[in-house]
Amino acid sequence: MGLYWNLVTKVSGLTRRKPKRTSSARDLVIFSDSSIVEHFARLGYAVSLDQLVFTLETVEDYAEAREQLWHRPGHIATHDPGGLLVIEDAQPLARQPTRDIVVVSLGDARVVMGVIDRGGRNRFAETM
């Protein structure tokens with residue numbers, strides 16, 4: 001009867017932990033930090049964990065916000081409602097530079113990345 005689950009399961013060859021009962025979006029992601037960084041590398045983005053933001057907003061929330069709230073919505077390069085959204089040349093706020101935004105669903109939470117330099121894919125936005 002504690003606040004945390006400590007069950008460990010084997011799924012798809014990866015050791016995954018049950019998420020902690022907490023309000024932190026990161027704690028709801030059952031993948032390791034290195035697995036998340038490797039996933040972004042497979043998408044073509046060299047990131048470190050501190051360049052990513054964890055959120056409870058869904059992929060669809062980002063797709064809707066892009067259309068309704070962002071200064072310049074950019075264009076959708078990839079949209080899989082269940083788990084991946086890649087938006088290119090978006091400008092969420094008027095005084096921010098344009099950027100690519102990638103939203104990846106990792107179960108109960110999403111991880112978001114914003115990259116300003118799309119050519120080198122290595123200059124990240126300080127704020128989303």
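Is D33 buried, exposed or partly exposed? I looked up its accessibility first and found 36%, so D33 counts as partly exposed. I note at the outset that the model is predicted.

**Entry 1. Confidence**

I checked the pLDDT before reading any detail. The chain averages 77, and 72% of the residues score at least 70. Over residues 1–17 the value is below 50, although this stretch has 24 contacts in the model beyond near neighbours in sequence. Residues 121–128 are also below 50, and there I noted 30 contacts beyond near neighbours in sequence. Where pLDDT is low, the predicted coordinates should not be read in detail. I therefore do not interpret the individual contacts of residues 1–17.

**Entry 2. Overall layout**

I recorded three helices and seven strands in the chain. From the N terminus on, their order is β-β-α-α-β-α-β-β-β-β. The chain has 128 residues, and buried residues make up 38% of them. I also looked up the range of the contacts: among those between residues at least 6 apart in sequence, 33% join residues at least 24 apart.

**Entry 3. Nonpolar cores**

I turned next to the largest nonpolar core, which has 18 residues. Those with the most contacts inside this core are I36, F40, V102, V111 and M113. Two helices, α1 (25–28) and α2 (33–42), and three strands, β5 (84–90), β6 (99–105) and β7 (110–115), each give two or more residues to the core. The largest share, three residues, comes from β7.

I then followed V111 outward. Leaving aside neighbours within four places in sequence, V111 is in contact with I36 and F40, with L52, V53 and F54, and with V102, V103, V104 and L106. Apart from the largest core lies another, of 11 residues; V59, A63, A90 and V103 are among them.

**Entry 4. Helix α3**

Which residues of helix α3 are buried? Within residues 59–68, I found V59, Y62, A63, A65 and R66 to be buried. These residues lie on the same side of α3, because they cover an arc of only 165° around the axis. An α-helix has 3.6 residues a turn, so residues three or four places apart point the same way. The face turned away from the buried side of α3 carries the exposed residues E67 and Q68. I looked up what the buried residues pack against and found β3 (53–55), β4 (75–80), β5, β6 and β7.

**Entry 5. R66**

R66 is found in helix α3. I noted a relative accessible area of 7% for R66, which means that this residue is buried. Leaving aside neighbours within four places in sequence, R66 is in contact with P73, G74, H75, I76 and I87. R66 forms a salt bridge with E67, and the closest N and O atoms are 2.3 Å apart. E67, by contrast, is exposed, with a relative accessible area of 53%.

**Entry 6. The other salt bridge**

How many salt bridges does the structure hold? I found two. Besides the pair R66 and E67, R26 forms a salt bridge with D33, the closest N and O atoms being 2.5 Å apart. R26 has a relative accessible area of 18%; the cut-off for buried is under 20%, so R26 is buried. Its partner D33, at 36% relative accessibility, is the partly exposed residue with which I began.

Note on methods
Residues numbered from 1 in each chain as written. Predicted model: local features only at pLDDT ≥ 70, side-chain atom pairs only at ≥ 80, totals over all residues. Heavy atoms only, no water. pLDDT = per-residue confidence, 0-100. Contact = heavy atoms within 4.5 Å. Salt bridge = Lys/Arg side-chain N within 4 Å of Asp/Glu carboxyl O. Buried < 20%, exposed > 50% of the residue type's maximum accessible area, 1.4 Å probe, protein only. Core = buried A, V, L, I, M, F, W, Y, C linked by side-chain atoms within 4.5 Å. Helix = DSSP H or I, 4+ residues; strand = E, 2+ residues; numbered from the N terminus. Arc of directions from axis to C-beta.
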